[in-house]
Amino acid sequence: MRDEIDAERAPAGFGLGETNGRYVSDCYAINRAGFYRADSATANKPVGFDNCVIYANVINNDVYLKATYAEMTATCYYSSYAKAWQPWEYEN
């Protein structure tokens, strides 16, 4: 109950103010900062990260993603210089 009340006070948009984050069907389609939710049907998410939370940050034309699932995290980014997504890097 308390989480729902706090979520309602967060600014709207970009997954803020939502208790589950904004759903994304393809991680590589993320182009705005915010919090997102991915599930088993989401394309281009880290392997084994079903029902995970993704934090996105955009700096200039580069997009940085950090996925969190259970006790694991993984990061990747879109390089505007290379014009390509870089592979996910897993952290323990």
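Helices here are DSSP runs (H or I) of at least four residues, strands are E runs of at least two, and both are numbered from the N terminus. By that reckoning, this predicted model reads α-β-β-β-β-β-β-β from the N terminus on.

**View 1. The whole chain, with one helix and seven strands.**
Start here to get your bearings in the predicted model. The chain has 92 residues, and 28% of them count as buried. It exposes about 6,200 Å², with carbon and sulfur atoms supplying 49% of that area. Now for the contacts: among those with a separation of 6 or more, 18% link residues 24 or more positions apart.

**View 2. Inside the largest nonpolar core, a set of 16 residues.**
In soluble globular proteins, nonpolar side chains tend to be buried together. Ile30, Tyr36, Cys52, Ile54, Leu65, Ala67 and Trp88 are the members with the most contacts inside this core. Four elements each put in two or more residues: strand 2 (34–38), strand 3 (52–59), strand 4 (62–69) and strand 5 (72–79).

**View 3. Trp88 and the residues around it.**
This one zooms in on a single member of that core, Trp88. Setting aside residues up to four places away in sequence, Trp88 touches Cys27 and Tyr28, then the run Asn44, Lys45 and Pro46. Trp88 also reaches Leu65 and Ala67, along with Ala74, Thr75 and Cys76. Two of these partners, Leu65 and Ala67, are on the list of core residues with the most contacts too.

**View 4. Strand 4 meets strand 5 in an antiparallel hairpin.**
Seven bridges hold this pairing together on paper, with the two strands running antiparallel. Look for Tyr69, which sits opposite Met72 of strand 5. Two residues lie between the strands of the hairpin, and Ala70 is found in that loop. Most residues other than glycine have a negative phi, and most peptide bonds are trans. Ala70, though, has a positive phi near 55°. Ala70 counts as exposed because its relative accessibility is 68%, over the 50% cut-off.

**View 5. Strand 5 also pairs with strand 6 and with strand 7.**
Strand 6 covers residues 84–85 and is joined to strand 5 by two bridges in the antiparallel sense. Within that pair, Tyr78 faces Trp85. The hairpin leading from strand 5 to strand 6 has four residues between the strands, and here Lys83 takes a positive phi near 55°. Strand 7, residues 89–91, also pairs antiparallel with strand 5, this time over three bridges. There, Thr73 stands opposite Glu91.

**View 6. Asn51, out in the loop between strand 2 and strand 3.**
Asn51 has a phi near 55°, a positive value in a residue that isn't glycine. With a relative accessible area of 60%, Asn51 is exposed. Even so, Asn51 has partners beyond its neighbours within four places in sequence: Ala38, Asp39, Ser40 and Tyr69. Tyr69 is the residue you saw opposite Met72 in View 4. Measure up from Asn51 to Arg37 and you get 6.9 Å from C-alpha to C-alpha, with 14 residues separating the two in sequence.

**View 7. The salt bridge between Asp50 and Lys45.**
Side chains of opposite charge can pair when their charged atoms come close. The count for this model comes to one salt bridge, and here it is: the closest N and O atoms of Lys45 and Asp50 are 3.4 Å apart. Lys45 is buried, with a relative accessible area of 17%, while Asp50 is partly exposed at 31%. Lys45 also turned up in View 3, among the residues that Trp88 touches.

**View 8. A nonpolar patch on the surface, made by Phe35, Val53 and Tyr55.**
To finish, a look at some nonpolar side chains on the outside: these three residues make a surface patch of about 260 Å². Val53 belongs to strand 3, one of the elements that give two or more residues to the core in View 2. Val53 is partly exposed because its relative accessible area, 44%, falls between the 20% and 50% cut-offs. In a regular strand the side chains alternate between the two faces of the sheet.

Key: Residues numbered from 1 in each chain as written. Predicted model: local features only at pLDDT ≥ 70, side-chain atom pairs only at ≥ 80, totals over all residues. Heavy atoms only, no water. Core = buried A, V, L, I, M, F, W, Y, C linked by side-chain atoms within 4.5 Å. Buried < 20%, exposed > 50% of the residue type's maximum accessible area, 1.4 Å probe, protein only. Contact = heavy atoms within 4.5 Å. Patch = residues over 30% accessible without salt bridge, like charges linked within 9 Å, V, L, I, M, F, W, Y side chains within 5 Å. Areas by Shrake-Rupley, 256 points an atom, 1.4 Å probe, with all protein chains shown as cover. Salt bridge = Lys/Arg side-chain N within 4 Å of Asp/Glu carboxyl O. Pairing = 2+ DSSP bridges.
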